[in-house]
Structures are given as C-alpha cells and as structure tokens.
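Biologist: Could you take me on a close look at one part of this model? I would like to hear about the salt bridges, and then about what surrounds them.

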Amino acid sequence: MLKSAGDLSITEWRVLWDLAEAGPLTVTEMAAIQRTDHALISRAIPVMVRKGYVTTTISQADRRASLIELTDHGREVFTRTSVVMSARRAALSRTFSEEEVNTFIGLIDRFEAFVEAPLTENLKTEATP
C-alpha cells in the first residue's frame, strides 16, 4: 500500500509521520518515538533526501546531530499516503477489537523487553522442588 501511494518503505512512512506530527526532529528523537533502531532511520534519511521528501541541517542545539525536516514535496506525499494508511487503520479496527490490539501490543512489549534484557536475566531459571 505504501509503495503504490507514495513509493515509501514502512520506515520512510514513519519518518514522514513523525515529522508531520512533531516538526523537525533528529534521528535520535525519531528512534525514541518509534522505539526502533537508530541505524534503521539513519539509513532511510539519505534515500528520503534524494527523493526530495526531507532536508537535513546541523542542529543548533547539538552540532553533532542533524535536524530532519519535511519538504513541501514530503508533506504532499505524507498527505496523499495518509489517506491510504487511514483506510488501513480502519480495516484493522474492523478486523481486531481494541482489546485484541492492546493484548497484541502488550505481548510485543513483553517480547521486546525479553530480547533487550541482559542474557543473564533471560537464562535465569527457578529451581524445581
């Protein structure tokens, strides 16, 4: 759906969404919002610059970081694609109840906590009597 609506990957869509909702952000800020890998977003940004969706400038607050900002073209692509993604969310709502979605998200959160926990935490076992 993203390819047909705006030639976007899911990562590019999430970047456009974050920038449209929150304004200029650093890669670190987007990674925190998305709860995703910093490198995943970093790899997407140069592609998005080439497509004309975003621009990058050195952050005045932290000269080591770049501020990513939507271009007019990026905002147009976001607007056009958001119609498709809204329809997708509506279809998801018809397929799964809010309770089911919350259960699923809870399971993903638990899985993520497990994967991110130190190996020693994951290997602990209780002694059986």
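Modeller: Gladly; what follows starts with the whole chain, goes on to the salt bridges and ends with their surroundings. Please keep in mind that this is a predicted model.

The protein chain has seven helices and three strands, and along the sequence they come in the pattern α-α-β-α-α-β-β-α-α-α. Of its 129 residues, 27% count as buried. Among contacts between residues at least 6 apart in sequence, 50% join residues at least 24 apart.

Now to your salt bridges: the structure holds three. Side chains of opposite charge can pair when their charged atoms come close.

Let us begin with Arg 35, which takes part in a network of salt bridges with Asp 109 and Glu 112. The side chains of Asp 109 and Arg 35 meet at 2.7 Å, N to O. That pair links distant parts of the chain, since Arg 35 sits in the loop between α3 and α4 while Asp 109 belongs to helix α6, 74 residues apart. Arg 35 also forms a salt bridge with Glu 112, at 2.6 Å, N to O. Here the two partners are 77 residues apart, and Glu 112 is again a residue of helix α6. As for exposure, Asp 109 is partly exposed, because its relative accessibility is 30%. Glu 112 is partly exposed too, with a relative accessible area of 23%.

The remaining pair is Lys 51 with Glu 12, whose side chains meet at 3.0 Å, N to O. Lys 51 lies in helix α4 and Glu 12 in helix α2 (residues 10-22), so this pair also links distant parts of the chain, 39 residues apart. Are the two partners buried or exposed? Glu 12 counts as buried, at 5% relative accessibility, whereas Lys 51 is partly exposed, with a relative accessible area of 26%.

Next, the surroundings, beginning with Gln 34 in helix α3 (residues 27-34). Gln 34 counts as buried because its relative accessibility is 18%, under the 20% cut-off. Leaving aside neighbours within four places in sequence, Gln 34 is in contact with Arg 14, Val 15, Asp 18 and Ile 41.

Helix α4 (residues 38-51), the one that carries Lys 51, lies across β2 and β3 and runs at about 120° to β2. Ile 45 is in this helix and counts as buried, at 6% relative accessibility. Not counting residues up to four places away in sequence, Ile 45 touches Val 15, Val 27, Met 30, Val 54, Thr 56 and Ile 68. Val 15 thus appears among the contacts of Gln 34 and among those of Ile 45.

The strands under discussion form an open sheet in the order β1-β3-β2, with antiparallel pairing. β1 (25-26) and β2 (54-58) stand at the edges, each with a single partner strand, so one side of each has no neighbour in the sheet. Two bridges join β1 to β3 (residues 66-70), and Leu 25 has Ile 68 as its bridge partner in β3.

Let us finish back on helix α6 (residues 98-116), which includes Phe 104. Phe 104 is exposed, with a relative accessible area of 53%. Together with Ile 105 and Ile 108, Phe 104 makes a nonpolar surface patch of about 290 Å². Helix α6 thus carries Phe 104 as well as Asp 109 and Glu 112, the two partners of Arg 35 in the network.

Note on methods. Residues numbered from 1 in each chain as written. Predicted model: local features only at pLDDT ≥ 70, side-chain atom pairs only at ≥ 80, totals over all residues. Heavy atoms only, no water. Patch = residues over 30% accessible without salt bridge, like charges linked within 9 Å, V, L, I, M, F, W, Y side chains within 5 Å. Areas by Shrake-Rupley, 256 points an atom, 1.4 Å probe, with all protein chains shown as cover. Salt bridge = Lys/Arg side-chain N within 4 Å of Asp/Glu carboxyl O. Helix = DSSP H or I, 4+ residues; strand = E, 2+ residues; numbered from the N terminus. Buried < 20%, exposed > 50% of the residue type's maximum accessible area, 1.4 Å probe, protein only. Pairing = 2+ DSSP bridges. Contact = heavy atoms within 4.5 Å. Axes fitted to C-alpha atoms, helices over the stretch in contact; angles between N-to-C directions.
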